[in-house]
Amino acid sequence: MTSFDQYISGLVEQVTPSNIKMTIEHLSSYLTRFTLSNKIVPVSQWIHKQFTIMGYSDVGYQDFVFCDTLQKNIVCTKMGKGQSNKIIILCAHYDTIARSTIGWNWKKCPAPGANDNASGVAAMLEIARILMNIEMDHTIRFIAFTGEEQNLMGSRAYAEYACTNNMDIILVLNLDEIGYPDVKSNWNINIGVDQVNRTHTKKATAHKFALLMAKVAADNTSLNSRRIDLWASDHTPFSSRGYAVIGITQAGKYPHSHKITDTVNYIDVDYIVEVTKMTLATLIHIAGCKGRK
Ligand SMILES: [Zn+2]
């Protein structure tokens with residue numbers, strides 16, 4: 001084991017199951033996080049506050065209007081060494097829907113979204129917490145998106161902004177539904193990369209990072225990674241604009257997807273912990289740490 005590997009494993013060990021569980025329980029405790037509901041703003045404020053409590057100073061909102069409501073992506077930037085322009089985005093959506101429950105009405109019915117996608121937000125926040133005082137070569141931007149369940153409204157807005165401003169994004173890492181393993185032991189995890197022969201230029205880069213992630217999973221976690229084709233989620237607007245993207249999702253077929261029963265008791269926090277470790281260690285490899293290799 002090199003000293004860099006040891007350094008990474010020390011950080012990975014800081015992933016704390018109770019933090020992840022607390023975030024999921026808190027986010028699920030709002031009746032709903034449906035985009036048009038009046039809970040969406042308080043939820044966005046709570047996520048914003050978590051970043052500032054950790055000590056981040058560059059935390060803000062990207063506002064956009066959807067169906068006459070004000071929507072807020074939460075954007076927290078951790079500057080890289082020397083104000084590096086190279087950015088890695090770690091993102092997860094915080095809005096929910098429960099349209100697969102018969103008779104669901106967004107105005108009065110719950111949409112707890114523990115797995116979809118409080119799980120992803122919890123992992124992202126835990127990684128942000130651990131990296132807060134770690135100096136890194138490249139800039140990391142943590143983004144919590146809204147409007148994912150409305151045709152990816154939030155990530156579309158941000159990908160457009162990124163493109164217009166010529167942002168130098170090395171990779172977009174998206175977490176969506178990471179709480180449900182397929183088997184009781186020897187857990188699998190799906191790493192989504194673009195398998196189809198589309199012509200966008202960053203496909204090879206994404207594959208290179210996916211290989212790295214698979215190695216990191218083997219070295220630092222109990223997960224077996226398997227590569228799947230990308231599915232529709234917040235990475236899509238970035239991929240279609242030519243950015244390299246990886247989507248991470250659970251290996252199990254979750255029976256409570258988009259239902260009012262998507263609650264914390266059906267998901268596996270220990271599995272989310274492993275996925276969080278894999279994501280954290282991959283980020284450290286890609287973003288680089290000053291003086292360590
Ligand atoms: Zn989702």
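These legends walk you through several close-up views of a predicted model.

Local features are described at pLDDT of at least 70 and side-chain atom pairs at pLDDT 80 or more, while totals for chains, interfaces and linings use all residues. Residues are numbered from 1 along each chain as its sequence is written, and side-chain values use heavy atoms, without hydrogens and water.

**View 1. The zinc ion and its protein donors****.**
Start at the metal: His93 gives its NE2 atom, Asp116 an OD atom, and Asp176 is listed with OD twice, all at 2.0 to 2.7 Å from the zinc ion. Donors here are N, O and S atoms within 2.8 Å of the metal (3.2 Å for Na, K and Ca), and since water is not among the atoms, sites may look incomplete. Along the chain the donors follow the spacing H-x22-D-x59-D. Aspartate 116 belongs to helix H4 (residues 114–131) and aspartate 176 to the loop between strand S5 (168–175) and strand S6 (188–193), so this pair, 60 residues apart, links distant parts of the chain. Helices (H or I, at least four residues) and strands (E, at least two) are DSSP runs numbered from the N terminus. The arrangement is irregular because the four donor atoms subtend angles of 52 to 151 degrees. Four donors would count as tetrahedral with all angles between 85 and 135 degrees; four count as square planar and six as octahedral if opposite donors are over 155 degrees apart and all others between 65 and 115, and anything else is irregular.

**View 2. A cis peptide bond beside a zinc donor****.**
Stay with aspartate 116: the peptide bond from this residue to asparagine 117 is cis, with omega near 10 degrees. Asparagine 117 is also in helix H4. Aspartate 116 and aspartate 176 are both buried, a word used for under 20% relative accessible area, with exposed meaning over 50% and partly exposed in between (1.4 Å probe, protein chains only).

**View 3. Where helix H2 crosses helix H4****.**
The axes of H2 (residues 17–29) and H4 come within 8 Å and cross at roughly 135 degrees. That makes H2 oblique to H4. Axes are lines fitted to C-alpha atoms, for helices over the stretch in contact, with angles from 0 to 180 degrees between N-to-C directions; under 35 degrees counts as roughly parallel, over 145 as roughly antiparallel, 65 to 115 as roughly perpendicular and the rest as oblique. Residues making the contact include Ile20, Thr23 and Leu27 of H2, and Ala118, Ala122 and Leu125 of H4.

**View 4. Alanine 122 and methionine 22****.**
Here is one spot on each helix: methionine 22 is in H2 and alanine 122 in H4. They are 100 residues apart in sequence and 8.4 Å apart in space, C-alpha to C-alpha. Alanine 122 is buried at 1% relative accessibility, whereas methionine 22 is exposed at 54%. Leaving aside neighbours within four places in sequence, alanine 122 is in contact (heavy atoms within 4.5 Å) with Ile20, Thr23 and Ile24.

**View 5. Two residues with positive phi****.**
Most residues other than glycine have a negative phi. Leucine 152 has a positive phi of about 60 degrees and sits in the loop between strand S4 (139–145) and helix H5 (153–164). Asparagine 166, with phi near 50 degrees, lies in the loop between H5 and S5. Leucine 152 is buried at 8% relative accessible area, while asparagine 166 is exposed at 67%.
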